[in-house]
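Here are some short exercises to work through with the model open beside you. Try each task before reading its solution.

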Amino acid sequence: DGSELPTVPISRDLLACADDPSEMLAAVCSLDAPEAAEALVAHGVMIARSLPRETAGVVIALCDGTYSPTVLADAAAGRPAVARNEYGEASGLKCTKYPISLFANAFMENPKLFRLILAHCRRNDRVLTPMLRRTLLELTLDEWNAAKRTGDTQVEKLRHDEAIVMLSENHVDDMGDYESLVIVQAAGFTQGEILLYERLNMVPMLLEEYARRGTERSRRQMLAMCDLHDPDLFAEVLAHFVKMAGERWNKDMLKEEASVNSESEIGGLLHDIHEALVMARDHGDLPPVRVLRILAGEGHGMFHSDKHHGSNQSGGDRCGVPLSAAMDYVGAILDDSSRKMNRLKNNVDEYSRLCNDMELEINALLSPGSPGKQSEVGKKSALPNVDIDEMYSSLCQLEEDRHTISGQSIQAGRAAEFERLEAMKEDFWREMEHSDDPFETICFYISKGYLENI
């Protein structure tokens, strides 16, 4: 990977005996690229401690492949410079490109200059190890924090944008998401934390960060996460909204005029709560009881023990929302419950009526027959009067006819009809033999119209 430098014998002994760093650097600049790189690896710490900028220039030239003793000698003598590109860098490859990791130790005592060198290498797609990429991120965030403390907004914005680019580019996998998360958390870089939380799918921590920021954009992002149809996630979002509303209510000492339609900050938050409740009603994944407990300020709305409830959720610590924010949700839930109760009541009444009718029919069938009662039963019953003896004689006659017909040649259509009647007769007698109530079986056959053909 270029991290090891082949041993090249240095033909000059000046590096070992010179006491002046300027002479040492001049001696390095007079060497060819392999010898200069080996010299900087061996003596770069001592030279960079006295001449950091000059040493950084030589190192950058070695990393870019533009190092040449002739070019450096011309620059020192004031002769015309070589052609340069749009960034002011010498154009044309004059030596092998060396990795910055060879010379990193020389600039550990000068973090600002080291950050400039690493940023140059990253911008020009030079080889950077994952450790050096994390070092560049850490140094960039250090300067970002320093600019925030001193009020330098221009530098703060530049370092902020550089850090976001580093966390968003393709090489972020080489840097390591979790290692980067530790760095941005230590630096307090909130936007970087959110970016990594989203990439790592750390939903609870992402919600905490959005809630901590509390801006309108953060709340909209929290609402967008509710489209995952996860009831627990939806409960977390709603609980954060209620907590934010309670904090702003107590802080600003708002009165009853704050409502969903208010133009104030608390009004916007209540509007978001109202929208979240509409989503909860439409999705139907979250039980209404749990939603109401959340709106009352009881955290995530999960039931817990009385001991825990008494120790952590005292009445004075709860922060709910005004009724105006939850009115539509509560009203819709009550309407739905009322419709379900009415439908259930109608079903129960219908079932009760059918049971009563069945009971009357059973009592009428089981009661001893008297002329008056039989007439009443005849009036109430929809079944016609049946003469059992006549029916039995008809069946016997049918049996005799069967023996008569079997001895004759019949047509194919009559044979099929006879077989159907035979099967019907067998089914009828089978049912009569196994039935506990023959009268009920006969009534069934009459109601189906089967006995007309028997």
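For helix pairs, axes are lines fitted to C-alpha atoms over the stretch in contact, and angles run from 0 to 180 degrees between N-to-C directions. Please keep in mind that this is a predicted model.

**Exercise 1.** Describe how helix α12 and helix α13 cross.

*Solution.* Start with the two segments: α12 spans residues 203–213 and α13 spans residues 216–225. Their axes come within 8 Å and cross at roughly 150°. Angles over 145 degrees count as roughly antiparallel, so α12 is roughly antiparallel to α13. Next comes the hand: this crossing is left-handed.

Now list the contact residues. From α12 come V203, L206, L207, Y210, A211 and R213, and they meet S218, Q221, M222 and M225 of α13. Sorted by type, the contact residues are 7 nonpolar, 2 polar and 1 charged.

**Exercise 2.** Find the largest nonpolar core and the helix that gives the largest share of it.

*Solution.* The largest core holds 88 residues. Helix α14 (residues 231–252) supplies its largest share, 10 residues. Residues with the most contacts inside the core are L62, I100, F103, F107, L137, L141 and F241. Take F107 and leave out residues up to four places away in sequence: F107 touches A48, P52, T55, A56, V59, L113, F114 and I117. A second, separate core has 6 residues, among them M391, F428, M432 and Y445.

**Exercise 3.** How many helices and strands does the chain have, and what percentage of its residues is buried?

*Solution.* Count the elements: 22 helices and 0 strands. Then turn to burial: 35% of the 454 residues are buried.

Methods:
Residues numbered from 1 in each chain as written. Predicted model: local features only at pLDDT ≥ 70, side-chain atom pairs only at ≥ 80, totals over all residues. Heavy atoms only, no water. Helix = DSSP H or I, 4+ residues; strand = E, 2+ residues; numbered from the N terminus. Parallel < 35°, antiparallel > 145°, perpendicular 65-115°, else oblique. Left-handed = near helix turned anticlockwise from the far one by under 90°. Contact = heavy atoms within 4.5 Å. Nonpolar A, V, L, I, M, F, W, Y, C, P; charged D, E, K, R; others polar. Core = buried A, V, L, I, M, F, W, Y, C linked by side-chain atoms within 4.5 Å. Buried < 20%, exposed > 50% of the residue type's maximum accessible area, 1.4 Å probe, protein only.
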